[in-house]
Amino acid sequence: MQFTAEALVVVAAACGPPPRCPGCRARARRVHSCYERSLAERPLSGRKLLVRLRVRRFFCDWASCPRRTFVEQVSGLSERYRRSSLGLKTWLRQVELGGRAGERLCRRMHLAAGRTRLLELLEPPTAPERSPRVLGVDEFAFRKGRTYGTILVDVEAGRVVDVLPDRTSETFAAWLRDHPGAEILGSRDSLWHRTVRAAR
């Protein structure tokens, strides 16, 4: 373990038998190379914790497999393309806040997470077959200036009903047709009022 002014650093190396290829599930036999990954972990005693993990890249020798190489993952610690541990990912999911509000809370808790990372971890709710009686509609940014979505809220129950992948009137109108039952619609955007009239 190493100590810096900003964080505690744990240096570790993956070991054990060769893993299976995630593409074809064949057991690897040859090591391609090694490299070091940095994984943010849950804080320890109020300080940031960073894991410097040395992992191996393996060849996949199965001729029909589209993968030529792959990197081993440490069970319970790492996953592909992520700079945070699975334990930290579980903690961040408990935050249940996206955007800047979640980012501020994570900073106070010494958790490494940006606002877009928190939005990625939010799990979409299971959409009901029928729309609630009072439906609130608003748009939000997955990525400001680039990607927007629509959030639908049951105003009376105070819970999210569904999240639409964009903010177009066609998508919302299609949702209303597939989920009848809304009697009152609340929105701050005149676009949605035009959509409601088109859907009816």
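**Exercise 1. Place Thr150 and state whether it is buried or exposed.**

Thr150 sits in strand β7, residues 147–154. Strands here are DSSP runs of E with at least two residues, numbered from the N terminus. The model is predicted: local features need pLDDT of at least 70, side-chain atom pairs count only at pLDDT 80 or more, and totals for chains, interfaces and linings use all residues. Residues are numbered from 1 along each chain as its sequence is written, and side-chain values use heavy atoms, with hydrogens and water left out.

Next, accessibility. Thr150 counts as buried because its relative accessibility is 0%; buried means under 20% relative accessible area (1.4 Å probe, protein chains only).

Last, the side chain. A polar atom of the Thr150 side chain lies 2.7 Å from the backbone oxygen of Asp166.

**Exercise 2. Describe how β7 joins β8.**

Start with the pairing. β7 and β8 (residues 159–164) run antiparallel, joined by five bridges. Two strands pair if DSSP finds at least two bridges between them.

Then take one bridge. Val153 has Val160 in β8 as its bridge partner.

Finish at the turn. The hairpin of β7 and β8 has four residues between the strands, and Gly158 takes a positive phi near 70° there.

**Exercise 3. Characterise the lining of the second largest pocket.**

Count first. The lining holds 20 residues; Val71, Glu72, Gln73, Glu79 and Arg80 lie nearest the centre of the pocket. A pocket is an open set of points on a 1 Å grid over the protein atoms alone, where a 1.4 Å probe fits, with protein on both sides within 12 Å along at least five of seven lines; lining residues have an atom within 4 Å of a point.

Now the elements. β3 (31–44) and β5 (69–71) each give two or more residues to this lining.

Terms used: Buried < 20%, exposed > 50% of the residue type's maximum accessible area, 1.4 Å probe, protein only. Polar contact = N/O pair within 3.5 Å; in protein donor to acceptor, adjacent residues only side chain to side chain.
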